[in-house]
Amino acid sequence: MRASLEVADIFRAAGPAYRASHAGHLSLHQLKIMSAVEHCRTAAMGGHVEACTDCGHWRVAYNSCRNRHCPKCQGAAARTWLAEREADLLPVGYFHVVFTLPAEVATIALQNKALVYDLLFRTASETMRIIAGDPRHLGARIGITAVLHTWGSALTHHPHIHMIVPGGGLSPDGERWISARPAFLLPVRVLGALFRRLFITRLLALFDGGQLGFYGSMAHLGERRAFLRHLSPIRKKRWVVYAKPPFAGPEAVLAYLSRYTHRVAISNGRLIRFGDDGVTFRYKDYRRGCSDRQQVMTLTADEFIRRFLLHNLPRGFHRIRHYGLLASGIRKDNLEHIRQLLAVAPPAVDEIITDQLAPRLPCPCCGGHMVIIEILERRYQPRAPPVSAASAGREAS
């Protein structure tokens with residue numbers, strides 16, 4: 001069911017003025033995102049006409065833009081991805097671990113997205129594998145599914161990695177499954193200290209290699225002494241690594257993944273109203289107590305669009321990655337070996353995956369089967385439904 005207010009409505013109403021006032025300051029990628037969101041599931045995208053084989057009811061269905069930044073297009077993508085991941089679940093507890101960049105690094109990331117986001121992925125995953133492999137902690141090789149989010153609840157720039165980690169791993173010789181403690185995976189303070197050291201060292205290497213760029217108000221950071229002063233406060237600050245309690249079974253893992261893997265900066269469901277005073281939406285203020293976190297914020301339409309576009313990802317950038325035992329090239333063999341060690345059979349999902357993806361909705365009138373009777377080209381306006389000879393005669397009389 002269509003939400004009463006969508007991001008697309010805001011873009012269609014305020015987007016032309018925003019593009020005009022920011023001409024020359026928007027990248028081609030940002031302009032394409034705006035266009036895709038505005039035109040998603042409209043006649044501009046083309047589509048088809050469906051008719052019921054039982055009662056003759058017909059409806060028009062327009063195509064999706066399939067842009068990964070579009071709030072309306074992520075449901076189908078998430079279902080497809082989840083159907084594939086369901087076969088990867090193990091009968092063990094799963095932990096949720098979050099690695100967050102401090103604000104000083106987030107400002108650098110905003111002008112160097114591909115490099116710094118990739119560094120965040122690599123450093124966080126390596127930190128987990130190093131500490132997990134230490135015999136003083138777990139002493140095992142682990143698997144990781146990592147998802148990048150770049151936003152806070154109020155659409156601010158807040159890059160962080162969400163990880164789903166099985167509660168255990170393979171012994172160094174690969175002959176045993178080593179289980180984590182029921183409510184504890186790895187010490188977060190140790191993870192945070194190593195994460196900070198590795199990230200700062202590698203960020204400095206990127207700077208010294210001339211790979212980082214600084215523009216506008218941050219241009220002064222191109223000078224090494226200024227860059228070091230900028231990083232000085234975070235060398236002593238505790239970097240936030242957060243580990244949540246384990247999930248209550250595989251179903252809870254899938255429910256979590258469905259919410260997080262294909263999420264965009266803001267969903268249509270959080271929007272409240274849009275008018276002359278701006279865009280009003282719900283957000284969570286994590287500085288408040290749990291019972292008082294739900295808050296309401298109003299931004300001007302220009303500021304809302306600006307914040308939304310902060311979170312465009314570089315073209316071709318993978319925001320979901322797998323490491324360790326779950327790395328793509330070796331995942332299948334590792335999972336088979338682990339199931340043998342745990343003496344469990346793989347989940348029987350292969351035969352139902354295709355049935356779960358993109359089911360055709362039944363007729364809203366009689367519940368009958370809908371078939372496609374006409375294909376609509378892009379920007380093609382559908383004609384009125386065919387008029388039967390009998391009804392044409394009635395109209396003529």
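Colleague: In this predicted model, over how many bridges do strand S9 and strand S10 pair?

Modeller: The model is a predicted one, and in it strand S9 covers residues 271–275 while strand S10 covers residues 278–284. A hairpin of two residues leads from S9 to S10, and leucine 271 has phenylalanine 281 in S10 as its bridge partner. The two strands pair in the antiparallel sense, and the number of bridges between S9 and S10 is four.

Colleague: Which strands stand at the edges of the sheet that contains S9, S10 and S11?

Modeller: This is an open sheet of three strands with antiparallel pairing, and its order is S9-S10-S11. Each edge strand pairs on one side only, and the edge strands are S9 and S11.

Colleague: By what angle are neighbouring strands of this sheet turned against each other on average?

Modeller: The strands concerned stand in the order S9-S10-S11. With direction ignored, the average turn between neighbouring strands of this sheet is 20°.

Colleague: What angle does the direction of H9 make with that of S11?

Modeller: Helix H1 lies across S9 and S10, and H1 runs at about 15° to S9. Helix H9 packs on the sheet as well, where H9 touches S9, S10 and S11, and its direction makes with that of S11 an angle of about 110°.

Colleague: Which residues of helix H9 are buried, and what covers them?

Modeller: Helix H9 spans residues 301–309, and its buried residues are Ala301, Phe304, Ile305, Arg307, Phe308 and Leu309. As general background, an α-helix has 3.6 residues a turn, so residues three or four places apart point the same way. The cover over the buried residues of H9 includes helix H1 (7–21), helix H2 (28–39), helix H5 (113–133), S9, S10 and strand S11 (294–299).

Colleague: Why is one side of strand S2 and of strand S13 left without a neighbour in the sheet?

Modeller: A further open sheet has three strands in the order S2-S1-S13, with antiparallel pairing. Strand S1 (residues 47–52) is joined to S13 by six bridges, and cysteine 52 stands opposite methionine 370 in S13. Strands S2 (58–62) and S13 (370–376) are at the edges, so one side of each lacks a neighbour in the sheet because each has a single partner strand.

Colleague: Which element gives the most residues to the largest nonpolar core?

Modeller: The largest nonpolar core has 51 residues, of which Met128, Met163, Phe199 and Phe227 touch the most other members. Among the elements that give two or more residues to this core are strand S3 (94–100), strand S4 (143–151) and helix H7 (224–231). With 10 residues, the element that gives the most is H6.

Colleague: Which residues does methionine 128 touch, when those up to four places away in sequence are not counted?

Modeller: Met128 is one of the residues that touch the most other members of the largest nonpolar core. With residues up to four places away left out, methionine 128 touches Val97, Phe99, Ile142, Ile144, Met163, Val165, Leu185, Leu186 and Leu191.

Colleague: Are H4 and H5 roughly parallel or oblique to each other?

Modeller: The axes of H4 and H5 come within 6 Å and cross at roughly 130°. H4 brings Val105, Ile108, Ala109, Leu110 and Gln111 to the contact, and H5 brings Lys113, Val116 and Tyr117; these residues divide into six nonpolar, one polar and one charged. Angles over 145 degrees would count as roughly antiparallel and those from 65 to 115 as roughly perpendicular, and the two helices are therefore oblique.

Note on methods: Residues are numbered from 1 along each chain as its sequence is written. This is a predicted model: local features need pLDDT of at least 70, side-chain atom pairs count only at pLDDT 80 or more; totals for chains, interfaces and linings use all residues. Side-chain values use heavy atoms; hydrogens and water are left out. Two strands pair if DSSP finds at least two bridges between them. Buried means under 20% relative accessible area, exposed over 50%, partly exposed in between (1.4 Å probe, protein chains only). Contact means heavy atoms within 4.5 Å. A nonpolar core is a set of buried Ala, Val, Leu, Ile, Met, Phe, Trp, Tyr and Cys residues joined through side-chain atoms within 4.5 Å. Axes are lines fitted to C-alpha atoms, for helices over the stretch in contact, and angles run from 0 to 180 degrees between N-to-C directions. Angles under 35 degrees count as roughly parallel, over 145 as roughly antiparallel, 65 to 115 as roughly perpendicular and the rest as oblique. Ala, Val, Leu, Ile, Met, Phe, Trp, Tyr, Cys and Pro count as nonpolar, Asp, Glu, Lys and Arg as charged, and the others, Gly among them, as polar.
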